[in-house]
Amino acid sequence: MFSTLLVLLATVASAPDRSIQLGETYAQAIAEVNAKHARKPGTTLESELAERLPKKATLAFEKLIEIKADGGLVEALEACARAALDLDRVDDFNTARNRLLELDASRAEALGVALSRERILLLGEGGLSVSYLEHFALITEDVLAAYDEVFGFKEFSKVAGKKLRVRLHLEEAIKSPPHFAPQFPFHSEIDFPVIDAQTLNSPTPKGQFMFYGLCHELGHVIAMWGSQSNQEDHHAWAHYTGLVVLEHIATSKRKPKWLSHCRDFQWRSVEKELSRLGDAKPGTGDRDAVLALLFGLHDALGPQAIGEAVNIMDEADKRLRINHVRYYSFRELETTLLASTKAKKLKKRVSALFP
Ligand SMILES: [Zn+2]
């Protein structure tokens, strides 16, 4: 009787630890795979990386899912679901979430839903459905394809090979616009509020340009300028790339279906921006000067040359990085562009745009 009680007490005492331990084994292994990759990304893609999770981690996860009940189970499942998304393991995310649904539906729903595509991983919170993410994925993939066609940037994520994350959340109203969230250790993420759970309508009834916002934020993901304390581009770069890409999609022959809900081009275009800029002098002194500089380069060399310059600077990988985020300088851009421009006249034209 006495020994049975001891065994029982021991089981009760160790039970919560068991699920927490299994969850930690899984989450730690994911962090280790990501950290190792970030040190030397090479050409490994995240889909390949996701397959490199050690057996002990996948076994720990399987065991956790089989646990009937214990004190730490809910927290452990939540931790695993979040960790799974850090390594594009959406199947694990769904398995953990489904198990959590049986235990605590509201906490499972608070985790949101996820969708993985070749280049992006979308997370939907606040009651968004997977089909909404599928709709949003089409838009994001078209925007990425437009960036490819127009600029040809080789790498979108601050850690090469990792998929871009977009965290969508359904809100009553859009209080802060979409923004690039640079704080995550191993991937680039865009925070994207939405107010309609069916379709992305842009602009919103309040005149917020959500489609432009997505095009704009991807510009930030590609390149930051100066440093954290000195934004050398005065927030002009993402406006420039965003407008150019928006226009490319809106004026292409292939009109994606979703474009009928995203009508930003009526109000936002390169032409309108150029006429607003008037004869602003190119330079780096303020936002309009940087815009005049960027549109000047666009006009003289074309966007492919700008994209190629960024790719060259990335290959050298000598510029500033803060938490892996790439910071460029206009001095370096000028040098890189001049090095790859042959014609003398054109060289002069490019030089004249920089201060
Ligand atoms: Zn911005």
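**Exercise 1. Determine which residue of β8 stands opposite M224, and place this pair in its sheet.**

Solution. In this predicted model, M224 stands opposite Y327 in β8. The next step is to identify the strands concerned. Strand β8 covers residues 325–328, and its pairing with β6 is parallel, with 2 bridges. The final step is to place the pair in the sheet. The order β6-β8-β7 describes an open sheet of 3 strands, in which the pairing is mixed. Its edge strands are β6 (224–225) and β7 (321–322), each of which pairs on one side only.

**Exercise 2. Trace the pairing of β2 with β1 and with β3, and state the hand of the β-α-β crossover from β2 to β3.**

Solution. Begin with β1, residues 113–116, which runs antiparallel to β2 and is joined to β2 by 4 bridges. Within this pairing, A114 is set opposite L123 of β2. The two strands form a hairpin, with 3 residues between β1 and β2.

Proceed to β3, residues 164–170. Here β2 pairs in the parallel sense, over 6 bridges. L122 has V166 as its bridge partner in β3. Between β2 and β3 the chain passes through helix α7 (residues 130–150), and the resulting β-α-β crossover is left-handed.

Finally, consider burial. Strand β2 spans residues 120–125 and is mostly covered, with 5 of its 6 residues buried.

**Exercise 3. Identify the residues of the largest nonpolar core that touch the most other members, and list the contacts of V245.**

Solution. The largest nonpolar core has 88 residues. The members that touch the most others are Y26, C80, L122, F211, V245 and L294. L122 is also the residue of β2 whose bridge partner in β3 is V166. For V245, residues up to four places away in sequence are set aside; the contacts are then V143, A146, Y147, V150 and C215. As to its origin, this core draws at least three residues from each of domain 1 (2–111) and domain 2 (125–353).

**Exercise 4. Describe the side of domain 1 that touches domain 2: which elements supply it, and how is it composed by class?**

Solution. First, take the bounds: the domain assignment gives domain 1 as 2–111 and domain 2 as 125–353. Their C-alpha centres are 36 Å apart. Second, count the contacts: 10 residues of domain 1 meet 7 residues of domain 2. Third, assign the elements on the domain 1 side. At least two residues come from each of α1 (2–39) and α2 (46–50), and α1 gives the largest share, 3 residues. Fourth, sort by class: this side of domain 1 has 4 nonpolar, 3 polar and 3 charged residues.

Technical notes
Residues are numbered from 1 along each chain as its sequence is written. This is a predicted model: local features need pLDDT of at least 70, side-chain atom pairs count only at pLDDT 80 or more; totals for chains, interfaces and linings use all residues. Domain bounds come from an automatic or database domain assignment. Two residues are in contact if their C-beta atoms, placed from the backbone, lie within 7 Å. Ala, Val, Leu, Ile, Met, Phe, Trp, Tyr, Cys and Pro count as nonpolar, Asp, Glu, Lys and Arg as charged, and the others, Gly among them, as polar. Two strands pair if DSSP finds at least two bridges between them. A nonpolar core is a set of buried Ala, Val, Leu, Ile, Met, Phe, Trp, Tyr and Cys residues joined through C-beta atoms within 7 Å. A residue is buried if 20 or more other C-beta atoms lie within 10 Å of its own, exposed if 12 or fewer, and partly exposed in between; C-beta atoms are placed from the backbone. A crossover is right-handed if, with the strands pointing away from the viewer, the path from the first strand over the helix to the second runs clockwise.
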